[in-house]
Amino acid sequence: MVKLKDAKCPNCGANIQVNDKLENTICQYCGSQVVIEEAIEKYKLEISGKVEVDGIKGRNSKLEQAKKHVKLEEYDTAKKIIKEIIADDSLDVEAYIELIKIDIELFKQREFDENTSNITDYTGWSMFDEIINNYERAKKIDDDNIVDIGLSEYKEDLDKYLGLNEKVKSEEKELEEMTKKLNEFYDEIKSISDTVAKAWIQELINKKFDIPGFTTQYDSNPYQGHFYPDTYKLVGFERITRDGILECQYRRITSNYGTNILNATLHKTNAMTIDSIDEIKNIVSEIETVTPDFINTSRETTNKFINKENKKIDRQNTVINAKSKFTQIRIYIDYAIIAIVLIMTLSTLFSNGIGGAIAMGIFLDSWVIYICVQKIKDHRLDLQLNDMNKKTNDLKKKKHV
């Protein structure tokens with residue numbers, strides 16, 4: 001069975017059905033010859049035009065509806081309608097203009113103040129970011145330069161928000177630099193020892209930022225209704241948030257349960273009231289002031305301890321060397337005893353004959369030489385053990401930090 005396609009007669013405009021396997025056909029309404037490919041394309045063009053017009057009508061109707069809700073100060077309802085328009089066309093500049101207006105009105109209702117403890121107002125900052133992001137997007141896709149004209153009544157508000165946004169970006173960069181500085185200090189302190197790093201965290205960082213600590217317990221995934229806590233060790237600092245929370249990166253150092261994550265970003269909610277970025281700067285500045293002296297003192301103390309331990313090892317090696325020399329002398333003595341016994345046997349051979357030499361060999365040489373040989377073997381094992389102990393001690397020696 002031949003499957004027919006919808007087409008439109010170029011001559012009379014009537015809707016017809018054609019076999020697209022053929023090149024030409026005759027219009028059943030006007031009798032003119034029709035090129036099938038052209039007729040199908042004409043039909044597609046008309047249909048697409050109707051769809052486009054209908055779509056524009058629907059979009060315009062929604063936009064007008066949203067504006068009416070704005071007049072009634074029903075901003076949430078208006079915003080929902082505008083977002084439907086943007087979902088259909090993400091490049092609709094006019095819809096973005098209306099969305100920005102609505103967001104500004106909602107933001108004003110919140111009475112947001114970035115200079116007070118509202119720094120912890122996450123919803124407020126979220127709304128602020130949404131205004132800025134939508135404005136920047138609208139400006140990028142605004143080929144007709146209508147954004148600023150459409151938002152002219154909110155120019156003062158937008159200028160204020162854009163200025164605040166630049167300030168926030170600058171402060172975020174400062175927070176990144178502060179985080180980087182803390183990590184540099186921490187890396188240097190870890191190179192001294194874990195004990196020193198733990199002391200620095202406990203005595204300084206933890207008192208300022210209230211973090212979990214140098215090590216912390218963190219529960220794994222539950223298994224059969226139970227939790228299996230693992231110990232995590234501080235790797236470094238992830239970031240300082242605008243409200244003074246220091247987020248830390250931890251790595252698992254125990255393995256009580258296989259599904260535990262290896263890394264975790266952990267922090268505690270800061271118990272202190274952070275009223276401004278300046279307060280965070282003061283905290284980090286205090287840490288920067290104190291830490292160099294802490295590092296120098298810790299390094300000096302650690303190096304003194306290393307010197308003490310290394311000297312102890314040197315004394316042990318001196319004793320080992322003395323023991324080795326004494327053992328070597330004993331080996332020489334054993335060889336000398338064997339030589340003396342052999343000389344005595346030869347003397348007996350020349351003075352008393354072969355019978356006396358054999359008798360001496362049986363009753364004296366055999367057991368004296370046997371004992372000396374065994375002692376030589378034991379002494380050589382002692383030398384090997386002393387050498388091994390000395391090498392082990394050398395490995396125990398620590399370098400200065």
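**Helix α2, the β1–β2 hairpin and model confidence**

In helix α2 of this predicted model, the buried residues are Y75, A78, K79, I81, I82, I85 and I86. These residues cover an arc of only 165° around the axis and therefore lie on the same side of α2. The other side of the helix carries D76, K80, A87 and D88, which are exposed. The length of α2 (residues 75-88) was also examined: at 1.5 Å a residue, its 14 residues should span 20 Å, and the end C-alpha atoms are 20 Å apart, so the two values agree.

Strands β1 (residues 5-8) and β2 are paired in the antiparallel sense, with four bridges between them. One of the residues of β1, K8, has N15 in β2 as its bridge partner. The two strands form a hairpin in which six residues separate β1 from β2, and G13 in the turn adopts a positive phi of about 80°. Side chains alternate along β2 (residues 15-18): I16 and V18 are directed to one face and are buried, whereas N15 and Q17 are directed to the other and are not buried. N15 thus combines its place on this second face with the bridge to K8.

Confidence varies along the chain. The average pLDDT is 84, and 85% of the residues score at least 70. Among the elements of the chain, helix α6 (residues 155-192) has the highest mean pLDDT, 94, and helix α1 (residues 36-71) the lowest, 70. Over residues 49-55 pLDDT stays under 50, and the model has zero contacts beyond four places in sequence for these residues.

Notes. Residues are numbered from 1 along each chain as its sequence is written. Side-chain values use heavy atoms; hydrogens and water are left out. Buried means under 20% relative accessible area, exposed over 50%, partly exposed in between (1.4 Å probe, protein chains only). Two strands pair if DSSP finds at least two bridges between them. The expected span of a helix is 1.5 Å times one less than its number of residues. The arc is that of the directions from the helix axis to the C-beta atoms. pLDDT is the predictor's confidence in each residue, from 0 to 100. Contact means heavy atoms within 4.5 Å.
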